[in-house]
Amino acid sequence: MVTKMQSLDAVCSEILAAVAAADSVDVLEAIRIDALGKKGRVSMMMRDLGGMDAEARKTAGLALNKVKDAISLAIGEDRKSTRLNSSH
């Protein structure tokens, strides 16, 4: 389980770095789809929860939800700032 969590941390860091580097709303949307879309990286990890025992599923599910929330929040904030910067 430690490896999955380390992998999750690495994926989260990579996605958040991509969000921070995004320079347009279109790039942010592509990142969102790659991370959170139906076949996105985080979404695929969520599917793996079904094969875990109850305790591991609970722990991993909480961690995945925190990552999803962090990514969604970062994308939302960057969208606002990208729109504001492009309107000037």
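Start in the core: select Leu8, Ile15, Val19, Val42, Leu64, Val67 and Ile71, the residues that touch the most other members of the largest nonpolar core, which has 21 residues. Colour by helix and you will see that α1, α2, α3 and α4 (54-86) each give two or more residues to this core. The largest share, 8 residues, comes from α4. Keep in mind throughout that you are looking at a predicted model.

**Next, leucine 8.** Show the surroundings of this core residue, leaving aside its neighbours within four places in sequence. Leucine 8 is then in contact with Met45, Ala63, Leu64 and Val67. Two of the names in that list, Leu64 and Val67, should still be highlighted from your opening selection.

**Zoom out to the whole chain.** Switch to a cartoon view and read along the sequence: the pattern is α-α-α-α, with 4 helices and 0 strands. Of the 88 residues, 32% count as buried. If you draw contacts with a separation of 6 or more, residues 24 or more positions apart account for 61% of them. Now turn on the surface: the protein exposes about 5700 Å², and carbon and sulfur atoms supply 57% of that area.

**Colour by confidence.** The mean pLDDT of the protein is 88, and 85% of the residues reach 70 or more. Which helix has the lowest confidence, and which the highest? Helix α1 (residues 2-21) is lowest, at a mean of 85, while helix α2 (residues 25-36) is highest, at 95. A general caution fits here: where pLDDT is low, predicted coordinates should not be read in detail.

**Select helix α2.** Put a distance between its end C-alpha atoms and you should get 16 Å; at 1.5 Å a residue, the 12 residues of α2 should span 16 Å, so the two values agree. Then pick out Leu28, Ile31 and Ala35, which are buried in this helix. Turn the view to look down the axis of α2: the buried residues fall within an arc of 60 degrees, so they line one face of the helix.

**Finish at serine 43.** Move along to helix α3 (residues 41-47), where serine 43 is found. Is serine 43 buried or exposed? Its relative accessibility is 17%, so serine 43 counts as buried, the cut-off being under 20%. Leaving aside neighbours within four places in sequence, serine 43 is in contact with Ala35, Leu36, Gly37 and Lys38. Ala35 is one of the buried residues you picked out in α2, which makes it a handy place to end the tour.

Terms used
Residues numbered from 1 in each chain as written. Predicted model: local features only at pLDDT ≥ 70, side-chain atom pairs only at ≥ 80, totals over all residues. Heavy atoms only, no water. pLDDT = per-residue confidence, 0-100. Buried < 20%, exposed > 50% of the residue type's maximum accessible area, 1.4 Å probe, protein only. Contact = heavy atoms within 4.5 Å. Areas by Shrake-Rupley, 256 points an atom, 1.4 Å probe, with all protein chains shown as cover. Core = buried A, V, L, I, M, F, W, Y, C linked by side-chain atoms within 4.5 Å. Expected span 1.5 Å × (residues − 1). Arc of directions from axis to C-beta.
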